[in-house]
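Colleague: I would like to learn how to read a model like this one, feature by feature. Where do we begin?

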Amino acid sequence: MKLPDKKQFILLLFGLGFLFPFLAWAIEISKYDVKFTLSGILEIHRQNPILVILDTIPVIFAFMGYLILKKKEELQKQFDTVQLQLNSQTENIKRVARFAEKIGNGHYDIDFEIKEKSDTLGKTIQNLCDKLYENNQRESLQNWEMVGKDKINQILGKHNDVNLLSREVLEALIRYIDVVQGIFYIYDDETEKLYISASYAYSRKKYLKGEVKVGEGLVGQAAIEKDIVYRTEIPENYLSITSGILGEKKPDSILIVPLFMEDKLQGTFEFASIRHFKPHEIEFLKSIAEIVAQTIYNLKITEKTERLLRESQEMTRELRDNEEKLRQNAEAMRFTQKELKKTNINLEEKIEEVNRSQKRLYSLLENASELITIYDENRKLKYVSPSVNNILGYTEDDMFAGKDLDRTNKKGQNTINQMFDNLLSNPDEPQKIQYSYLNRHGTIMFLETTGRNLLHNPAIKGLLLNTTDITERKRAEKEQRMRGQMQTLSDNSPDVIIRVDLNRQFFYANPAIECYSKLKSEEFHKKHLYEVDLREELTTFIDETVEEVIKKTEKIQKEISFPVNEELHIINANAIPEFNEEDSLETILFILHDITELKKIEQEIKIKNAKITDSINYAFRLQNALLPDQRLIKSIFPDSFLFYIPRDIVSGDFPWLYEKDGNIYIAAIDCTGHCVPGAMLSLIGYFLINQIVSEPRNYNAGQILDQLHRGVQKTLKQDLDDVNATRDGMDIALCKINKDKTQLQFAGAHRPLYHMRNSKLNEYKGTRSSIGGIPRPGKPKPEFENYVIDIEKGDAVYIFSDGLSDQFGGPEGKKYFPKRIKENIIKYNDKPMNQILTCFRNDYINWLGDNKQIDDVIMIGIRF
């Protein structure tokens with residue numbers, strides 16, 4: 001831009017400005033009729049002083065021209081500077097575009113120099129290149145792992161023989177991970193030892209130890225610790241590697257990987273290498289170990305099933321000989337069943353209703369999109385919802401076995417532990433974290449967990465964690481960042497999402513808002529809250545909530561309700577403050593989620609739970625009406641006790657008492673299952689044993705169990721090839737006592753009797769067979785041994801179910817075990833039975849602590 005000559009421009013403006021006083025002089029001269037001379041000009045100035053002001057106009061015009069030229073010079077300089085900067089930025093953008101083009105073609109390892117600190121675009125592209133390079137490396141490792149798993153799965157799928165399978169699997173793994181030696185051990189459940197099933201590249205196999213005990217050596221140590229053993233310091237006695245190239249040398253590293261299936265040892269891998277194992281190779285072998293363990297377990301089960309089938313065929317031939325007697329027993333049992341059905345028809349209807357309600361409730365929890373877990377203050381898992389199978393692929397038992405934490409990486413574990421620390425130190429503040437997790441299928445997923453400290457809540461008494469699978473959300477966020485589509489998620493959300501500033505002006509509204517307004521979502525933009533056609537309830541809520549967020553500057557959550565089409569809708573509303581770079585409140589994001597259906601489901605669950613509880617309580621009253629209580633037992637045995645704690649309202653364990661012809665029959669019976677199923681089976685056992693003892697024949701204790709075993713099999717159709725037959729049964733400790741003869745007969749089915757005499761405890765273990773169950777082919781029917789004990793004054797006997805000995809608890813979370821029962825019996829032997837009951841009850845409660853009761857508990861003690 002060319003500027004005019006400064007002097008000429010100023011003179012031109014001075015001349016233009018002189019026209020104003022000149023015209024004024026001319027007007028005044030004609031007015032006062034004076035001559036156009038110097039004296040005339042002075043005269044008109046004297047008559048009209050305003051002309052002096054007009055005389056300054058030329059000077060003002062000249063000065064303004066000077067200022068205008070000076071300003072134009074400054075603008076010209078600024079224009080030139082901006083032009084230079086624009087050219088520099090254009091060149092830099094072209095250079096960044098060429099760099100981005102190379103990245104797009106897959107060249108991630110090229111160098112790119114950022115010339116200026118302010119080059120934000122260059123830095124962003126460089127960071128993108130680094131991220132893509134990392135993702136490429138990660139995908140390569142994942143592909144490598146998938147190919148390896150596919151090879152091993154192909155081998156596992158074509159073999160039924162463990163030895164052939166182990167040899168091919170071992171050779172395939174050695175070639176794939178490029179190591180030099182390997183051994184495949186198979187665990188024998190009967191001998192509890194590991195045996196070599198296959199070895200690779202051992203030139204002197206005679207020096208290999210053919211079997212290894214669990215806990216012996218590195219291999220046995222890995223098996224007992226249930227974890228890998230990785231050593232780079234090789235023991236002196238370890239075998240050397242021999243080859244034509246290397247000669248003879250010791251390996252640089254060894255890796256031992258145990259094979260476990262549902263916490264049961266199946267075998268062990270042992271690998272030796274002349275290099276160190278890489279972390280991804282170790283992780284690959286650990287994942288392969290689970291797959292191989294599953295296959296070995298299945299092969300063992302298949303082999304066992306075939307063997308049982310052969311035994312079953314042999315048993316069938318033996319049972320045919322007793323067919324006539326069984327038919328007679330069947331007639332008697334049919335009559336008993338008819339009577340039993342008449343008595344229990346109401347109970348069955350109630351139980352069926354309970355089962356349906358339980359299934360519906362379980363189905364709701366199982367198909368929920370959110371995983372709910374509860375931990376105690378020591379971070380021990382107390383509860384996990386059934387949805388864990390759909391979300392993570394694991395069972396509830398898997399989670400209690402440690403899959404809740406050991407399937408995430410170290411960073412994730414640290415994040416979870418930090419959340420627990422924050423919840424315990426700040427119990428009023430919920431915590432939300434995100435971390436990665438390896439599901440049962442070997443896929444990495446992303447989880448979001450919201451933790452709340454509800455230790456004070458009597459219904460929860462723990463740390464409540466709500467976990468959601470956010471893998472898809474993470475993937476969507478990544479694509480959103482790559483493509484710049486920042487509003488995709490909210491536009492497609494069924495929830496109402498709006499953003500307003502502090503003056504109630506809309507900046508964004510997603511299409512879901514159209515359910516509550518006649519306007520389209522895009523028509524809300526830049527309009528005030530009271531300018532849009534929105535429901536009055538929502539308008540009032542947004543207005544009041546904005547004011548509340550301004551005061552508190554924190555997230556606010558509320559529930560609001562209003563009628564829509566004559567139906568009341570309940571909305572869960574969240575108002576989230578959004579801050580600018582200066583940390584000042586700028587906008588507020590509202591998320592309105594319709595929870596009407598969820599509230600209906602909640603109410604339905606409450607109603608169903610109430611019905612379930614009423615039905616179970618009714619069954620409890622029926623069961624208690626049949627069973628003996630503490631008062632009845634004490635009326636016969638004054639110095640005695642009954643320790644009875646059902647796990648649920650109704651129980652599968654029950655005491656039994658019967659008197660006949662001077663004999664007293666008393667038993668502790670443990671039926672398969674808990675709650676309603678266990679209670680059903682307990683009624684079958686109750687009526688069957690009553691019928692057996694009431695017969696004219698005087699059976700001893702062992703014969704009573706023989707008859708009961710046949711009766712349960714017949715009732716449950718276990719003696720027939722019936723698809724409806726169940727494997728249920730019962731364990732029992734039965735005593736037949738004759739006070740006149742001071743004699744006690746005992747027979748047990750998987751249950752013992754403890755006999756105390758003169759501070760010495762004797763154990764009668766009973767027969768290792770249960771009452772009932774589907775007969776095993778080739779296995780003879782059990783004959784329950786009858787023990788006869790002469791009773792002396794002061795003797796004490798104890799019978800109990802396994803619910804007491806199997807209970808987990810104590811400081812180390814171990815089982816109660818029969819050993820502890822024996823020790824307590826000896827310890828409290830000098831006390832009366834009612835005090836022994838108190839001691840056992842207190843010891844059990846202290847042992848249980850915060851742990852969940854896993855089974856029904858029954859124990860009977862009698863002193864003569």
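Colleague: Start with a pair of strands. How many bridges join strand S2 to S3, and do they run parallel or antiparallel?

Modeller: This is a predicted model, so keep that in mind throughout. Three bridges join S2 (residues 193–200) to S3, and the two strands run antiparallel. To place the register, take one pair: Leu194 stands opposite Val212 in S3.

Colleague: Which sheet do these strands belong to, and what is its order?

Modeller: Read the order from edge to edge. Here the sheet is open, has six strands and follows S3-S2-S1-S8-S7-S4, with antiparallel pairing. At the edges stand S3 (211–213) and S4 (229–231). Each has a single partner strand, so one of its sides has no neighbour in the sheet. On average, neighbouring strands are turned by 20° against each other, direction ignored.

Colleague: How many residues of S1 are buried?

Modeller: Seven of its eight, so S1 is largely enclosed by the rest of the structure. Buried here means under 20% relative accessible area. Now look at the partners of S1. S8 is joined to S1 by six bridges, running antiparallel. In that pairing, Gly182 has Phe271 of S8 as its bridge partner. S2 pairs with S1 over seven bridges, again in the antiparallel sense. There, Tyr187 stands opposite Leu194 in S2.

Colleague: What connects S1 and S2?

Modeller: They form a hairpin, with four residues between the strands. Check phi in the turn: Glu192 has a positive value of about 55°.

Colleague: And the side chains along a strand?

Modeller: In a regular strand, they alternate between the two faces of the sheet.

Colleague: Which strands does helix H7 lie across?

Modeller: H7 (residues 217–225) lies across S1 (181–188), S2, S3, S4, S7 (253–261) and S8 (264–273). Its run is at about 40° to S7. Helix H8 (residues 279–320) also packs on the sheet, touching S1, S4, S7 and S8. The direction of H8 makes about 40° with that of S7.

Colleague: Why do the buried residues of H7 line one face?

Modeller: Start with the general idea. An α-helix has 3.6 residues a turn, so residues three or four places apart point the same way. Now the case. Val219, Gly220, Ala222 and Ala223 are buried in H7. Seen down the helix axis, the buried residues of H7 fall within an arc of 155°, so they line one face. On the other side, Gly217 and Ile224 are exposed.

Colleague: What covers the buried residues of H7?

Modeller: The cover includes S1, S2, S3, S4, S7 and S8. Then check the end of the helix. Just after H7, Lys226 takes a positive phi of about 60°.

Colleague: Which residue in the loop between H15 and S16 should I check for phi?

Modeller: Thr553, in the loop between H15 (536–552) and S16 (556–564). Thr553 is not a glycine, yet its phi is positive, near 50°. With a relative accessible area of 40%, Thr553 is partly exposed.

Colleague: Where is Thr742 found?

Modeller: In the loop between S22 (729–738) and S23 (743–749). Thr742 has a positive phi of about 45°, although it is not a glycine. Thr742 is partly exposed, at a relative accessible area of 39%.

Colleague: Let us read a single residue. Is Asn572 buried or exposed?

Modeller: Buried, because its relative accessible area is 15% and the cut-off for buried is under 20%. Place the residue next: Asn572 is in strand S17 (residues 567–579).

Colleague: Which side chain does the side chain of Asn572 make a polar contact with?

Modeller: That of Gln557, at 3.2 Å. Then list the wider surroundings. Leaving out residues up to four places away in sequence, Asn572 touches Gln557, Lys558, Glu559, Ile591, Leu592, His593 and Ile595.

Colleague: Zoom out. How many helices and strands are in the chain?

Modeller: There are 22 helices and 31 strands. Of the 864 residues, 40% count as buried. The chain exposes about 50,000 Å², with carbon and sulfur atoms supplying 52% of that area.

Colleague: What share of contacts joins residues at least 24 apart?

Modeller: Among contacts between residues at least 6 apart in sequence, the share is 58%.

Definitions and conventions:
Residues numbered from 1 in each chain as written. Predicted model: local features only at pLDDT ≥ 70, side-chain atom pairs only at ≥ 80, totals over all residues. Heavy atoms only, no water. Buried < 20%, exposed > 50% of the residue type's maximum accessible area, 1.4 Å probe, protein only. Polar contact = N/O pair within 3.5 Å; in protein donor to acceptor, adjacent residues only side chain to side chain. Contact = heavy atoms within 4.5 Å. Areas by Shrake-Rupley, 256 points an atom, 1.4 Å probe, with all protein chains shown as cover. Pairing = 2+ DSSP bridges. Axes fitted to C-alpha atoms, helices over the stretch in contact; angles between N-to-C directions. Arc of directions from axis to C-beta.
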